[in-house]
Every structure is written in structure tokens, then in C-alpha cells.
Amino acid sequence: MTLDNYAFVLFDHDAARRAFRNSFSLAATAAVVIALIAVPLAYFLVWRRSRVLRLISLVTELPYALPGVVLAISAILLFLKPLPLLRVSLYNTVWIILFCYLARFLALGLRPVVSGYHQLDRTLEEASQIAGARLLRRIRTIILPLVAPAAAAGALLIFLTAFNELTVSALLWSSGAETLGVVLFSFQQGGDSTYAASLATLTVIVSIALMLSTLLVQGLPRGVLPWRD
Amino acid sequence: MARLSIDRVSKSFGDFRALDDVSLEVRDGEFVAVLGASGCGKTTLLRQIAGFDKLDAGRIFIGDSIVSSQTRHLPPERRRIGIVFQSYALWPHMTVAENVAYGLTVAGIKDPARSRRVDAALNLVELHGFGERRPAMLSGGQRQRVALARCLVTEPSLVLLDEPLANLDVHLRASMEQEFADFHARTGTTMVYVTHDQAEAMALADRIAVMSKGRILQVATPSQLYREPADAVVAAFIGEGMIVPAEVRAVKGDGTCWASLYGYNTRMRCDVSQTLIGKAQACLHAGDLKIAERPDSGLRVRVDRTVYQGGYFRLSVPEPFDTAPGGVIGIDVRGGWIIPSSTPP
């Protein structure tokens, strides 16, 4: 029995330390950005019944449905050349992973928000409209506070999924932009099963801690997070 | 305060004609109820006035300005009206005071004035001291009053009420009805009150517009609607009117006529301009009928069914009346109205 392996992956192994930091910021950024996109997007989807957006929302399901490797390869093909006008290349940076996370998990974050809108009484918005509030103010003062629990639940799902993600980042990682999944996989491939196991245990602990913390939070909608009902 | 003028408005959803050539004039300060069964288009009409939906044809004026036409559509947030929703639509994440203050905040009114007006509005609906509570902690009647305060605090020129009492129990309804009436008397705001409950409409409104299948059938004062319905649908809808075939024998020109109901001759009310002699339809209310003192006089009917209704019985008599023996009574007809637009059946 020893805790040395935990100490090694937490403090001594550079790539593993970076991977914790990278995965944490990638997952958190993706969760927050998608939650912020999902609120106005779902507004137009559900309440304005925009046809164009419905088509687009169908398209957002695609990166989630396809295997991660397929998404990663298409991102490589898309970003291999520098971006037009900006002359910056996302390829070989952490940003290409973030882009793929945003694409892949949008569907995951959108769905709870859409169902949140369905449960919301539209007259709540209409009442603020009658009070004289324009769209931006209505979203900020009425809609956002009311769908925030659903958006938060969606963001949490995204964070938990993205934190341990492997299939997308396996093809996109570069030195300095490793993710937890990639490092864990390379430990296992290199025969360092003990390091792999301790790294995996740590990610599981982070996930469980986050899940448990949601049980303390009041006001999250029911039926969105699978471990709460 | 403003008048509301609806000029030949139509609206269809797919093939369904929800509003069919609807016109209605509401005078400044008037309380008009729009009465109809569910699905008659009254809520569609309300949403048109509020500007939530665009219209297909016609025009709507609030005050002197066009707010809706085929070419112009003023969005709801710029119409300066108030609505009390059926579901109250109070914002659950705000306190009562914040709910009421919202419209003022949007209008850019800053704090000493704003909180003074919020307090005044809450006092008006007798909810002083409830400002810090959340809507979830209030009873149905209190929520209704918060919704009213929120709607009135901005002093809208026109207030629309969408079945505001439908979710309240019977006792509360009567007292809220009184509050609406008092409120209207105090402020003189132009009000349009949508309801399916004719007792509510009768109790509150200066005039009632009866709607059915997307059309306005009659606009009249409550008593006129009851006594002189314009057509058979209104007659049957208001006050459980009974429609019976009648034959007008002689018109006197003073608003009465002699008519025959199943061979029984009686004097009935009719339109002053009524000239038509012959077959027509008559509207009778329970108050027009009286059981004859001598069983062999009056309109002789056989009683089909007797239902006790608390204090009185409801008698069902089959039509055509037959005079077969057994439970035969005579009925004196002491009133009734010849429906002016009635086509001979």
C-alpha cells in the first residue's frame, strides 16, 4: 500500500499536472460558454419557433452523435490552414480542442435549457413585454434567472463529460495541450498501469465530488441530471 | 386613459378563422366585457389588442393612433397598456415589491419616486406590508391583487383582463369582483375584461360584447342583453334563455306585440321597429313563466322531469308540448322577447 503513485501524477509528472489544468479549464470554459449560448438559442427555438434555427439545432446534434474521432479529423481538415484574414492557425494549439468541445457538447447543454423553456409559462415573458421591456432586458431580467437552473444543470453535465474526454482530444492534443484522457491513455499504453489507475481514481473523485455537491444546491430542475430526481 | 377602437379585424390560424371581421368601440373610461365560450376567439382578440400577434386584416386604434394594421404593428412593449393574466404571470424570482416596481424601472423611474409609487399601488390593492414576500408565499387572491397592482402602477391608458378570476374559488371571486368594480370606479381606466362567466360580465361591465365562433354577435348593456338579445345564439347563451317558435299576430309599434306560442296567445316584447308578422322565434327566461293557478288555463304542458335546484325546481317539458293526461300543468307566459333577427324555423 502506498500513496506514492498519487503524489507522482499530482506533483511530479509535468504532463499529468498540465493535463489536470488543461482539462479543468477546457471543460469549465466549454460548460460556461455553451450555457451562455444555449439560453438565447433555446429562446428562439422554443418560443419564437424559428424554422432556420430548428434546422440548425438538428445540425448541433450531429457532432454529438458522430464518433469523436470523426469530429477531430474534420476539425483538423478545417483548421490545418491558418484562419483566413487572421493568419493564425488553431491547429496544434489548445484552442482546436476547445472548438471541438463546444461543437460536441452544445447538444448536451442545449437540451436541458430547451426543456426548461417548455416548462416555463410564456406569459411571464409577455408580462415583462407589456411592462415595456425590450428583448435584451427581458432575457436579462426575466428569462435568464428563470432558466438559469436548467442552464447550470446542462453546464454541469458538459463539465463532467468533457473533463474525462478522450476520443476527440486523442487526435488533437499537442505538447503542452494534453488532456487528462490523453495522459491517462498514454500511461496505460506505456505500461504504467499504477499511474494510470491513480490518475483515473483522481478524476473519478473529482466527478463524484461535483455530483455530490449538486445534491446540496437547491433549485436545480428535476429530471435533468440523471443522479437526481 | 384612452378609447379603444377595433375596426373589422380578422385573424386566421391556418384554415381556422379565429377572428372574423370583428369591430368593437370602447369609449374612454368604459368597462367592456368580452363574453364567450372557450374557443370563441376572445383571447385571440385580447392578444391582438395587446399586440402579441399580427392581424390579417383590419385596424386597431388605441387613443387616436393606429397600433395594428396590415402595414403597421406596434410591438406590445410600446403600446402602454396593462394586462392582468389568467395565470397572474408574477415573476417567481422577484419579491412582490420588485414585481410591482418592474414597469417603473423599465420606464427609467428612479428610487424615491419609484418606491413611493410601488407603495401606493400596494396600498391600493390592500397589500401594504407584503412587499418583501415572494409570490409563492401568497394566496391566490393576494397574487391576483399583486398582478393588478403591477399592471396599474405604470398608469396604463388601457387595461386588459384575461379571465382574471377563473383560478379563484367562488367566495374569493365575489370579493375580487367587487374590487375590480371599485377600482374601475376610482381610476376611470378604460378596461376590457375577457371572460366566459356571464355572471362576472353582468356584474362588472358597462357593456358586454358577446362572441361566438370568431364573431361579435351583440354589444349591449347587461340588461339589454338579457331582455333583448339580438339573435338566437345570444338568447340561448345569456341567462339560460329558452328559444321557442312563436307566431307574431299583431305588432303594436310601442315595443310590444301579440304572439302565439303553440296556440297560446300572449303579449310579448319586441323591437320597436319590428314589423314582421308571422313565424318568429321567442326568447323566454324562467322569470317570464309562472305556473297557472287553474290547471286548465295557460299553456298546457306535460312535465317530463323535475330536478330540485335548491329553493326551486327545474321542470323539463318535452317539445312539442303535448297535453296527454298525467302531470299536466298550465303555464302562464308573462313576458318574453321576439328575437328580431330570427328567421322563421
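Put chain B and chain A together and they bury about 1,700 Å² between them, with 64% of that on carbon and sulfur atoms. Keep in mind that this is a predicted model. The area is a handy way in, since the size of an interface is often given as the accessible area lost when the parts come together. On the chain B side, Glu77(B), Trp91(B) and Tyr102(B) supply 33% of the area that chain B buries against chain A, more than any other three residues. In terms of contacts, 22 residues of chain B meet 18 residues of chain A.

Now for the polar side of things. Two salt bridges turn up across the interface of chain B and chain A. In one salt bridge, the side chain of Glu77(B) pairs with that of Arg138(A), at 3.7 Å from N to O. So Glu77(B) shows up twice: it belongs to the trio that supplies 33% of chain B's buried area, and it also takes part in a salt bridge. Counting polar contacts between the two chains gives seven residue pairs, both partners being at pLDDT 80 or more.

Which elements of chain B each supply at least two residues of the side that touches chain A? They are helix H1 (42-50), strand E6 (81-84) and helix H2 (96-106). H2(B) gives the most, with four residues. Sorted by type, the residues on this side of chain B come out as 13 nonpolar, five polar and four charged.

Next, the cores. In soluble globular proteins, nonpolar side chains tend to be buried together. Here the largest nonpolar core has 99 residues, and those with the most contacts inside it are Tyr117(A), Leu4(B), Ile6(B) and Leu160(B). Helix H2 of chain A (residues 14-47) provides the largest share of this core, 18 residues. If you zoom in on Tyr117(A) and skip its neighbours within four places in sequence, you find it in contact with Val39(A), Ala42(A), Tyr43(A), Val46(A), Trp47(A), Ile143(A) and Val147(A). There is also a second, separate core of 43 residues, which includes Ala33(B), Leu152(B), Tyr193(B) and Ala220(B).

Last stop: Thr195(B), in strand E8 (residues 190-195) of chain B. Is Thr195(B) buried or exposed? Its relative accessible area is 1%, so Thr195(B) counts as buried. The side chain of Thr195(B) makes a polar contact with the side chain of Glu200(B) at 3.2 Å. Beyond residues up to four places away in sequence, Thr195(B) touches Glu200(B) along with Val34(B), Leu35(B), Gly36(B), Lys42(B), Glu163(B) and Ala201(B).

Technical notes: Residues numbered from 1 in each chain as written. Chains lettered and ligands numbered in written order. Predicted model: local features only at pLDDT ≥ 70, side-chain atom pairs only at ≥ 80, totals over all residues. Heavy atoms only, no water. Buried < 20%, exposed > 50% of the residue type's maximum accessible area, 1.4 Å probe, protein only. Polar contact = N/O pair within 3.5 Å; in protein donor to acceptor, adjacent residues only side chain to side chain. Contact = heavy atoms within 4.5 Å. Buried area = accessible area lost by both parts, 1.4 Å probe. Salt bridge = Lys/Arg side-chain N within 4 Å of Asp/Glu carboxyl O. Nonpolar A, V, L, I, M, F, W, Y, C, P; charged D, E, K, R; others polar. Core = buried A, V, L, I, M, F, W, Y, C linked by side-chain atoms within 4.5 Å.
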